[in-house]
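Trainee: Could we go through this model together, a few questions at a time?

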Amino acid sequence: MLRAGSAVPCMACRNLLPSRMGVKFRIPLQKLHPLSRAIHHRYTANNNPQRPPHCLAARHYTSLSRLPMRPPKSRSGGHGYQQHRTFWVVRLASKLLKLRYILLGSAVGGGYTAKKTYDEWKDMFPDMSEYTWIVPDFVWELSENFDLDKLASALPEMEEIAKLLPDMEKIGENFTFLKSLLSSGLGSEVNGASGLRLLLETTGDSALRAPDIPPASATMSDSSDKQFKKTSDKEKVDQLQEELVRTQLKYQRMLERLEKENKELRKVVLQKDDKGIHQRKVKKSLIDMYSEVLDILSDYDSNYNTQDHLPRVVVVGDQSAGKTSVLEMIAQARIFPRGSGEMMTRSPVKVTLSEGPHHVAMFKDSTREFDLGKEDDLAALRHEIEIRMRKSVKDGQTVSPETISLSVKGPGIQRMVLVDLPGVISTVTSGMAADTKETIFSISKAYMQNPNAIILCIQDGSVDAERSIVTDLVSQMDPQGKRTIFVLTKVDLAEKNLASPSRIQQIVEGKLFPMKALGYFAVVTGKGSSNESIDSIKDHEEDFFQKSRLLREGMLKAHQVTTKNLSLAVSDCFWKMVRESVEQQADAFKASRFNLETEWKNNYPRLRELDRNELFEKAKNEILDEVISLSQVTPKHWESILQKKLWERVSTHVIENIYLPAAQTMNSGTFNTTVDIKLKQWTDKQLPHKALEVAWETLQEEFARFMAEYKGKDQDDIFDKLKEAVKDESIKRHKWNERAKDNLRVIQHNALEDRSITDKPQWDAAIQFMEETLQSRLKDTDSVIADMVGPDWKQRWLRWMNRTEEQHIRNETKNELERLLKVNEDHTAYLANDEVTTVRKNLEARGVEVDPVLIKDTWHQLFRRHFLQKALLHCNLCRRGFYYYQRHFVDSELECNDVVLFWRIQRMLAITANTLRQELTNTEVRRLEKNVKEVLEDFGEDTGKKVQLITGRRVQLAEDLKKVREIQEKLEAFIEALHKEK
């Protein structure tokens with residue numbers, strides 16, 4: 001501290017010090033404002049140069065040597081002065097000793113206090129050793145896996161970076177020259193110099209300030225000198241522009257080198273992670289999560305107007321404009337099929353780009369990875385894409401709206417989702433469907449009408465801009481250009497072919513087209529050869545723009561060229577759009593989910609929400625249970641129904657073609673011979689096949705019966721169409737074993753050859769079988785005759801029924817023929833011609849005109865009835881004929897060969913039914929179960945079949961609920977990951 005005296009030497013110091021004399025102030029004079037010090041010392045020197053400055057009168061003191069203020073003592077001579085001079089050494093020594101002890105004590109106390117404070121603070125901190133697990137393992141292993149010294153040595157030295165920096169002195173000189181040039185009136189000759197002049201005028205640097213503008217008279221007098229300097233000034237401007245371009249390219253090459261090194265390091269890290277060094281599960285990338293949501297939405301058809309408004313990059317352009325080439329440059333691989341002028345993109349292709357350790361591609365519905373670094377895999381990938389496109393196109397069409405989903409991963413690839421659409425055409429050529437142009441327009445509009453879709457409009461720079469179709473289409477979808485990025489391709493050909501390069505400048509500045517866009521880019525995507533690699537195309541693109549006058553003359557900005565800059569810009573725009581719209585879309589699906597759940601609770605409160613796949617699995621289990629239930633059918637039941645159905649199938653043939661012809665013979669020998677011949681023919685040609693048909697039909701009926709019984713329990717009617725389709729398809733696929741037919745033929749032939757009835761019960765059973773058969777046939781014959789002749793007199797009187805004219809004629813014919821049979825009961829089965837003539841004349845005599853054919857037809861039914869009646873009487877007589885049968889009907893007028901025939905038929909039916917039952921239970925039921933499983937598996941893989949067979953509002957509602965829940969959950973997970981990435 002300083003002590004101020006009573007006199008202040010100047011006004012400045014008086015203003016700085018308090019007005020009261022003798023007051024201490026804590027600001028040393030040396031720490032005053034420099035300006036105040038300068039003023040203070042200047043005034044002091046001018047006023048009294050001989051007098052020492054008053055600031056020397058102040059002395060320093062500390063808190064340890066502070067003394068009370070006392071008036072100054074006189075220093076005149078005397079004893080007091082001598083004493084003071086004598087003991088000043090002693091007093092000084094005592095003060096120094098006191099100061100030593102005070103300092104020592106302060107040091108000891110301060111050290112103890114500091115140590116105690118340190119211990120207290122140390123105790124307050126937690127033990128961080130328990131939280132080392134928070135840090136990932138790979139942080140501790142970095143020093144083991146990476147050579148940090150080698151990594152540091154690989155970085156450029158400061159001297160190298162300094163060499164890459166521009167020469168600021170030279171640039172300053174050029175800026176000074178430009179400003180003087182602009183100030184002298186040449187600003188109109190330099191493109192874009194107004195902004196630079198404004199920058200120079202606002203810098204405030206005197207070193208770069210331009211000289212004043214001379215008056216008009218001086219300008220006129222020096223016009224000849226300016227005319228002489230104009231050429232040299234232009235050359236300097238060109239040199240400056242070239243130097244700026246070279247500097248920018250130098251920076252860009254340096255950045256590319258650093259990015260390449262960074263890419264290699266990231267690749268190494270990702271490879272280490274794939275090998276499991278980190279011992280942790282790799283999470284799904286952000287772009288993969290987003291792509292999954294888009295895949296689900298592509299199959300979702302909402303009934304609540306919740307449209308898919310999630311962002312994606314839609315690549316549109318005229319055919320052969322270079323859309324696919326631009327997408328391949330962004331994906332860094334030639335992944336699409338190529339053709340010269342031919343339409344190659346026949347359906348939308350969704351490409352999900354993401355970063356990964358290896359450059360690979362994979363389809364959504366496949367597990368195969370295509371190594372994009374190998375030419376064989378690239379060719380296979382292009383072939384697979386072409387096959388999928390052709391499969392998606394329906395018959396008679398050229399393009400398809402069905403989307404092919406593909407993911408591409410690799411080091412340094414920008415994350416985004418792009419959709420490559422078929423190229424827009426102006427004319428339908430031969431070989432195309434008539435509606436190809438309209439279909440392409442509708443597909444393009446469907447993708448571009450999404451308000452959050454980023455439209456990547458591709459324009460061919462090598463053709464006249466007026467021939468473009470896509471620009472008008474894009475202008476309709478995005479008139480304000482808020483989500484459109486314009487890309488001019490084939491700029492190398494455009495610069496070579498166009499007479500006016502400024503036309504390219506007009507295009508990339510948005511002045512030639514009425515279409516507006518967020519940004520404009522110019523790219524080069526190859527030299528025209530389909531065999532070029534991506535690296536060679538990048539080198540060609542960089543060399544072109546480095547030498548191009550478009551960039552050198554300022555027609556194109558540096559950030560507007562190269563596919564790399566385009567990829568960065570598109571990726572930034574894509575993620576910006578995603579962050580702005582994804583939460584709004586999540587809220588929309590949340591509202592849709594609430595509506596669907598409300599409808600389900602109101603309409604199906606007691607049913608579980610089963611979607612189509614879950615319902616199919618439930619129906620599948622029920623059908624398999626029903627097939628297994630066939631094995632529970634008893635053998636007796638199988639044989640009973642098989643024997644009954646088989647006789648129903650063959651009885652007509654046995655009666656009409658075997659029994660009746662044989663019964664018309666005159667003796668038993670002829671009867672047996674006829675029967676044996678006809679049975680042999682029947683067995684060889686028809687009987688085995690008929691038997692297998694009966695067995696298969698019986699199996700079907702039993703299968704259907706079990707389904708119907710199961711349905712009566714708790715079956716859902718929603719499965720009826722599916723079960724019927726499965727049953728029909730299984731029956732259609734089932735083929736009975738051919739060997740079974742041959743085996744059955746042998747068994748049936750042996751059974752029919754046996755004529756030995758061993759006991760009376762078999763004889764009685766044969767008679768009963770014969771009697772039942774004949775009665776059934778007689779009943780059928782009576783019914784036919786009744787239909788022929790019409791109602792009898794009781795029906796006519798009681799029910800007021802009348803005969804038709806034809807029935808009246810048939811009735812008269814019947815009466816006449818019955819009289820003939822009464823006369824001759826043993827009449828043959830056929831009428832002779834003279835008998836037909838006699839009957840016709842008798843009828844004509846009664847006034848009935850009748851045709852001979854009608855007479856024969858009526859006779860056939862009447863004789864059939866007459867024969868069956870006689871056969872029944874004979875059957876009753878044979879009930880007691882077993883004794884005569886055992887004696888081979890010797891010395892007996894009774895012959896029962898017809899009973900033996902029916903016994904042979906009955907035994908054949910029983911043996912055939914037993915054989916078919918064994919075949920069914922041992923083989924065919926299992927084969928049917930196998931067929932049903934195959935059909936169910938085929939139906940399960942066919943989504944269209946399930947949609948066709950399992951229908952209804954309940955199914956659609958459950959499907960929508962499942963999809964909406966899945967979309968909402970994936971969107972929420974994506975949003976959470978997106979917030980964490982921020």
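Mentor: Sure, here come some questions and answers on helix packing, a sheet and one loop residue.

Mentor: This is a predicted model, where local features need pLDDT of at least 70, side-chain atom pairs count only at pLDDT 80 or more, and totals for chains, interfaces and linings use all residues. Residues are numbered from 1 along each chain as its sequence is written, and side-chain values use heavy atoms, with hydrogens and water left out.

Trainee: How are α27 and α34 oriented to each other?

Mentor: Helices here are DSSP runs (H or I, at least four residues), strands are E runs of at least two, and both are numbered from the N terminus. The axes of α27 (residues 738–753) and α34 come within 8 Å and cross at roughly 155°; axes are lines fitted to C-alpha atoms, for helices over the stretch in contact, with angles from 0 to 180 degrees between N-to-C directions. Under 35 degrees counts as roughly parallel, over 145 as roughly antiparallel, 65 to 115 as roughly perpendicular and the rest as oblique. So α27 and α34 are roughly antiparallel.

Trainee: And which term fits α26 and α34?

Mentor: Helix α26 (residues 720–733) and helix α34 (residues 897–941) have axes that come within 9 Å and cross at roughly 125°. That pair is therefore oblique.

Trainee: Which residues in α34 does α26 meet?

Mentor: Contact means heavy atoms within 4.5 Å. From α26, the residues involved are Leu-722, Ala-725, Val-726, Glu-729, Ser-730 and Arg-733. In α34 they meet Leu-928, Asn-931, Val-932, Glu-934, Val-935, Leu-936, Asp-938 and Phe-939.

Trainee: Now the open sheet: which are its edge strands?

Mentor: Two strands pair if DSSP finds at least two bridges between them. The nine strands run β6-β5-β7-β4-β8-β3-β9-β10-β11, with mixed pairing. Strands that pair on one side only are the edges: β6 (370–371) and β11 (519–522).

Trainee: What stands opposite Val-314?

Mentor: Strand β3 (residues 313–317) pairs with β8 (residues 416–420) in the parallel sense over three bridges. Opposite Val-314, in β8, is Val-419.

Trainee: Is Arg-879 buried, partly exposed or exposed?

Mentor: Arg-879 sits in the loop between α32 (852–877) and α33 (882–886), and touches Lys-760, Trp-763, Asp-764, Ile-767 and Glu-771, not counting residues up to four places away in sequence. Buried means under 20% relative accessible area, exposed over 50%, and partly exposed in between (1.4 Å probe, protein chains only). At 37% relative accessibility, Arg-879 therefore counts as partly exposed.
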